[in-house]
Amino acid sequence: MSKEEQTINFTREAFLHPVNLGVLLIATISAFVVNDMGMLPNLILAMAFSTELIYLGIVPRLSQFQQNVKLKKMHARDPADEEKTMFQELDPKSRKRFLTLKRLTKLIRKNFDRLPYSSQGLLENIRNKIQELTSNYLILLDLHKRYRLYINTSVEESLKREVEKEEREIDHMESDRLKRTTARRVEILKKRLEKFKIAKEKYLISETHLETIEDAIQYIYEQSMTMSNPDEIGFQLDNLLEEVEETSQLIDDMERDIFPYHTGLDDFNLDEEFREMEKEQKARSESNANSSNRVKE
């Protein structure tokens, strides 16, 4: 968890939520309107106050509310600061990939600047799309890293062994109730395994898009070295625009997985899932170590 996330006051965020403020405003106005109707204003204010206390006691602790606040804060940050933070959190190999792409985009701009002034209007559109591709490339590198961390854990094999073990034990169980309970657990374990399948697929998709963006920028750079008229890039620009749209859609899909707006077994909160797996793995290792020590004693 980043320092910024640790400093978020979720109670304050819940209180300042537009819906909550709207309800409080309506309650206050209602109490003012019926001010001459005996105890009714006091009753309205008392109910509003008690409901607000319950609301502030529950909502700020909900994981879904906290995820939505974090996502809102992330999008509200300055894009330059966000990119800088994202870059610093990349592994060395990914940093090198991004810096290589960034260097190519700078060389493209220099080549474009040497073209006639009459061409700069069309070239500005290309520059903007290249900048958008570069930003998407950095986000994809970050997502690529997260999925790689997810699928490289040993938890998947542990889950497979657990499923096989439980399925074997079900065959020897005599209690129908115990069978149903165990079957439900097996179903949940299989859902967790399905997430690994999804993660592997999206890991490969993100790698393909990264390579495609690299190829597109490299091609534009090569074109810019010999281009005398920006119209020459016509068809290639169309492909570039299409690539931007596809990559943007991929990023939106992946971000919904990492910061889901809905809860449930089918949702895929990558960061939370990864942390839970690490805790589970650590607890299992400690348990095995304690068992080994008892055996030695």
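This is a short tour of the structure, one selection at a time.

**Before you click**

You're looking at a predicted model, where local features need pLDDT of at least 70, side-chain atom pairs count only at pLDDT 80 or more, and totals for chains, interfaces and linings use all residues. Residues are numbered from 1 along each chain as its sequence is written, and side-chain values use heavy atoms, with hydrogens and water left out.

**Stop 1: the whole protein**

Switch to cartoon view. You'll find 12 helices and 0 strands; here helices (H or I, at least four residues) and strands (E, at least two) are DSSP runs, numbered from the N terminus. Of the 297 residues, 35% are buried. Buried means under 20% relative accessible area, exposed over 50%, and partly exposed in between (1.4 Å probe, protein chains only). Take the contacts between residues at least 6 apart in sequence: 77% of them join residues at least 24 apart. Contact means heavy atoms within 4.5 Å.

**Stop 2: I29 and helix 4**

Select I29, in helix 3 (residues 18-33). Is I29 buried or partly exposed? Its relative accessibility is 46%, so I29 counts as partly exposed. Now add P41: the two are 12 residues apart in sequence, and their C-alpha atoms are 9.8 Å apart in space.

P41 is one of the buried residues of helix 4, along with A48, E52 and L56. Look down the axis of helix 4 and these buried residues fall within an arc of 60°, so they line one face. (The arc is that of the directions from the helix axis to the C-beta atoms.) That buried set packs against helix 2 (10-15) and helix 3. Spin to the other side of helix 4 and you'll meet M47 and I54, both exposed.

**Stop 3: helix 7, two sides**

Select residues 92-113, which are helix 7. With 22 residues at 1.5 Å a residue, helix 7 should span 32 Å, and its end C-alpha atoms are indeed 32 Å apart. The expected span is 1.5 Å times one less than the number of residues.

Colour S94, R97, F98, L101, L104, T105, I108, N111 and F112: these are the buried residues of helix 7. They cover an arc of only 140° around the axis, which puts them on the same side of the helix. An α-helix has 3.6 residues a turn, so residues three or four places apart point the same way. On the other side of helix 7, P92, K96, R103, K110 and D113 are exposed.

**Stop 4: the neighbours of helix 7**

Add helix 10 (residues 176-226), whose axis comes within 9 Å of the helix 7 axis and crosses it at roughly 25°. Axes are lines fitted to C-alpha atoms, for helices over the stretch in contact, and angles run from 0 to 180 degrees between N-to-C directions. The two helices are therefore roughly parallel. For the contact, look at residues including L101 and L104 of helix 7 and L210 and I213 of helix 10.

Next, show helix 8 (residues 120-151), which packs on helix 7 at about 175°, axes 11 Å apart. That makes the pair roughly antiparallel. (Under 35 degrees counts as roughly parallel, over 145 as roughly antiparallel, 65 to 115 as roughly perpendicular and the rest as oblique.) Among the residues that meet are F98 and R109 in helix 7 and L123 and Y137 in helix 8.

**Stop 5: E156**

Finish in helix 9 (residues 155-170), home of E156. How accessible is E156? Its relative accessible area is 9%, so E156 is buried. Leaving aside neighbours within four places in sequence, E156 is in contact with L193, F196 and K200.
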